[in-house]
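Please look over the sequence and the model below before reading on. The paragraphs after it are meant to be read with the structure open alongside.

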Amino acid sequence: MINGVIRAATEGETINPLIPQWYDIVGSLICFVVILIFFWIYALPRMQKMLDQRAEAIEGNIAKADEAQHKAEALLEEYTAQLADARAEAGRIREQARTDGAKIVAEAKDNATVEAARVTANAQAQIEAERQTALVSLRSEVGSLAIDLASGVVGEVLTEDKKAQAIVDRFLADLEAGEKAGTTN
């Protein structure tokens, strides 16, 4: 271009410096076409291949993410179902424990009542046996005291055991009859 300006100045033509010469346009056009062909053949297919691979990778990752999300949702539903089953099972176990506890308490009460009745019956039988023993012992002591007293009052010794025993028995029977008559009134 500088050559064109110098030549134009020497020839006397007026040349517009903003408009390039035809050989500059042709040279630039050839360079542009060569660069365009290079990009069209080499760079553009490689870029297209890279963009396709990237798009496939993104689609694959999206598919994997969707699959992972579906699996997570399925696991969440399964977990929720298991949790609900566990809560229901815990409720059944609690209810069974309450029922078993009530049965155990009832059995314990029944056993305690039976044991108390047995202990009471044993105690009453023991008391009755001790009462009978005390009554027999008391009869013999009262009998011997009564015989001694009667011997002192009568002034003779009462040595006949059968006769003395009959008197004592009659005396005690009269006392018991008097007690029974007094308790019923």
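What follows goes from the overall fold to a surface patch, then to the charged pairs, and finally to the largest pocket.

The model is a predicted one, and its secondary structure is quickly described: the protein has 3 helices and 0 strands, so that the order along the sequence reads α-α-α. Of the 185 residues in the protein, 5% are buried. The accessible surface amounts to about 15,900 Å², and carbon and sulfur atoms account for 64% of that surface.

Where on this surface do nonpolar side chains form a patch? L29, F32, V33, I35, L36, I37, F38, F39, W40, I41, Y42 and L44 together make a nonpolar surface patch of about 1,200 Å². One of these residues, F39, can serve as an example: F39 is located in helix 2, and because its relative accessibility is 46%, F39 counts as partly exposed, between the limits of 20% for buried and 50% for exposed.

The charged side chains give a second way into the structure. Side chains of opposite charge can pair when their charged atoms come close. How many salt bridges does the structure hold? The structure holds 5 salt bridges, and three of them are taken here in the order of the sequence, beginning with the one between E67 and K71.

In the pair of E67 and K71, the closest N and O atoms are 3.4 Å apart, which is inside the 4 Å limit used for a salt bridge. Both residues belong to helix 2, where E67 and K71 are 4 residues apart, about one turn of the helix. E67 has a relative accessibility of 44% and therefore counts as partly exposed.

Further along, E89 and R92 form a salt bridge with an N to O distance of 2.6 Å. These two residues also lie in helix 2, with E89 and R92 3 residues apart, again about one turn of the helix. At a relative accessibility of 36%, E89 is likewise classed as partly exposed.

The side chains of E115 and R118 meet in a salt bridge as well, at 2.2 Å from N to O. Why are E115 and R118 separated by about one helical turn? They are so separated because E115 and R118 are 3 residues apart in helix 2. E115, with a relative accessible area of 36%, is partly exposed, and R118, at 42% relative accessibility, also counts as partly exposed.

The last feature is the largest pocket, which holds about 290 Å³ of space. Which elements give two or more residues to the lining of this largest pocket? They are helix 2, spanning 22-154, and helix 3, spanning 161-184. The lining itself consists of R131, L135, L138, R139, V142, L172, L175, E176, E179 and K180. By residue class, the lining of the largest pocket divides into 5 nonpolar and 5 charged residues, with no polar ones.

Helix 2 thus recurs in this account, because F39 has its place there, the pair of E115 and R118 lies within it, and it also gives residues to the lining of the largest pocket.

Conventions. Residues numbered from 1 in each chain as written. Predicted model: local features only at pLDDT ≥ 70, side-chain atom pairs only at ≥ 80, totals over all residues. Heavy atoms only, no water. 1 Å grid on protein atoms, 1.4 Å probe; cavity = no way out; pocket = protein on both sides within 12 Å on 5 of 7 lines; lining within 4 Å. Points joined across faces, edges and corners; volume = space filled by probe spheres on them. Nonpolar A, V, L, I, M, F, W, Y, C, P; charged D, E, K, R; others polar. Buried < 20%, exposed > 50% of the residue type's maximum accessible area, 1.4 Å probe, protein only. Areas by Shrake-Rupley, 256 points an atom, 1.4 Å probe, with all protein chains shown as cover. Patch = residues over 30% accessible without salt bridge, like charges linked within 9 Å, V, L, I, M, F, W, Y side chains within 5 Å.
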